[in-house]
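This briefing introduces one protein chain to a reader who is new to structural work. Please keep the sequence and the structure in view while reading the points that follow.

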Amino acid sequence: MVMKTKICPLCGNEIPLKENICRYCLKDITEGEYLTKNCGTYSYQLKKLPSAMNSAQANYTYSNVLPIRRWLALMIFTLGLYRYYWFYKNSKLIGQKHPVLRTIGFIIPIVNWFMYYLLLRDMKKVIKSEGLESFNVPLNFLLYFFVPIFNYWSMINVQENMNEFWRKVQGLKERREFTNTEKVAIVVLSLIYLLLFICVINLLMMFI
């Protein structure tokens with residue numbers, strides 16, 4: 001039996017007809033404006049192929065791989081605040097609904113347990129869909145919240161697995177250097193932390 005397929009309007013790859021999330025770029029393609037069904041067949045053609053493909057190429061110059069040394073640098077320079085953007089970005093990339101609301105939940109105590117568990121669970125599903133070995137969801141969840149010394153280890157383990165997934169499905173070059181946004185965030189946060197440190201030193205000097 002021949003599998004019925006269609007073309008993803010964003011990355012141009014062929015996917016099963018009934019899938020609404022592209023298995024290659026992980027974008028929601030349910031919007032009908034991109035797809036036109038041919039009479040008498042189950043193949044699809046793109047109405048906006050040139051612009052859609054150009055957009056896809058522009059958005060995917062680099063793969064979604066995040067080198068661990070870059071991840072560590074961002075966590076260190078932001079004193080751990082990068083974890084919230086990391087959560088948001090991964091939630092969005094794997095196609096979770098309402099990534100902004102999920103990230104807000106990840107900031108709230110107790111609620112963040114539930115949000116992180118759901119992120120790990122859905123990440124594992126995405127990774128397993130490509131036949132790759134994945135991380136242990138309960139173990140990484142417990143290490144993150146109940147063994148603080150190992151919470152970075154949990155996130156690194158998860159990111160390494162996601163990196164393997166992106167290398168397989170995208171095959172694009174990896175960004176090693178910081179993005180402009182990351183550079184600005186590092187500079188701004190470093191200045192804020194420096195000012196706070198100076199304020200604390202001045203307060204201590206007043207009581208000595």
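**Briefing on the chain**

D122 is buried, with a relative accessible area of 16%. Its side chain meets that of R121 in a salt bridge, with 3.1 Å from N to O. The model is predicted, and the points below describe its fold, its confidence, its charged pairs, one of its helices and a nonpolar patch on its surface.

**Overall make-up**

- The chain contains 8 helices and 4 strands.
- Along the sequence, these elements follow the pattern β-β-β-β-α-α-α-α-α-α-α-α.
- The chain has 208 residues, and 38% of them count as buried.
- Its accessible surface comes to about 12800 Å², and carbon and sulfur atoms account for 65% of that area.
- When contacts between residues at least 6 apart in sequence are considered, 55% of them join residues at least 24 apart.

**Confidence of the prediction**

- The mean pLDDT of the chain is 82, and 84% of the residues reach 70 or more.
- Over residues 32-58, pLDDT stays under 50.
- For residues 32-58, the model has 42 contacts beyond four places in sequence.

**Salt bridges**

- The count of salt bridges comes to 6.
- In the pair of R121 and D122, the two residues fall into separate classes of exposure: R121 is partly exposed because its relative accessible area is 34%, whereas D122 is buried because its value of 16% lies under the cut-off of 20%.
- The side chains of E130 and K168 also meet in a salt bridge, with 3.9 Å from N to O.
- This pair links distant parts of the chain, since E130 lies in the loop between α5 (111-128) and α6 (137-146), K168 lies in helix α7 (residues 151-169), and the two are 38 residues apart.
- E130 counts as buried because its relative accessibility is 18%, while K168, at 48%, counts as partly exposed.
- A further salt bridge joins the side chains of R175 and E177, with 3.6 Å from N to O.
- Both partners are partly exposed: R175 has a relative accessible area of 23%, and E177 has a relative accessibility of 39%.
- R167, E174 and R176 are joined into one network by salt bridges that share partners.

**Helix α4**

- Helix α4 covers residues 99-107, and P99, R102, T103, G105 and F106 are buried in this helix.
- Where do the buried residues of α4 fall when seen down its axis? They fall within an arc of 155 degrees, so they line one face of the helix.
- The buried residues of α4 pack against α3 (82-93), α5 and α6.

**A nonpolar surface patch**

- A nonpolar patch of about 1100 Å² on the surface is made by V187, L191, L194, L195, F197, I198, V200, I201, L204, M205 and I208.
- One of these residues, L195, has its place in helix α8 (residues 180-206).
- Is L195 buried or exposed? L195 is exposed because its relative accessible area, 54%, is over the cut-off of 50%.

Technical notes. Residues are numbered from 1 along each chain as its sequence is written. This is a predicted model: local features need pLDDT of at least 70, side-chain atom pairs count only at pLDDT 80 or more; totals for chains, interfaces and linings use all residues. Side-chain values use heavy atoms; hydrogens and water are left out. Patches are made of residues with over 30% relative accessible area and no salt bridge: like charges are joined within 9 Å, nonpolar side chains (Val, Leu, Ile, Met, Phe, Trp, Tyr) within 5 Å. Accessible areas come from the Shrake-Rupley method with a 1.4 Å probe; for residues, only the protein chains shown count as cover. A salt bridge is a side-chain nitrogen of Lys or Arg within 4 Å of a carboxyl oxygen of Asp or Glu. Buried means under 20% relative accessible area, exposed over 50%, partly exposed in between (1.4 Å probe, protein chains only). Contact means heavy atoms within 4.5 Å. The arc is that of the directions from the helix axis to the C-beta atoms. pLDDT is the predictor's confidence in each residue, from 0 to 100.
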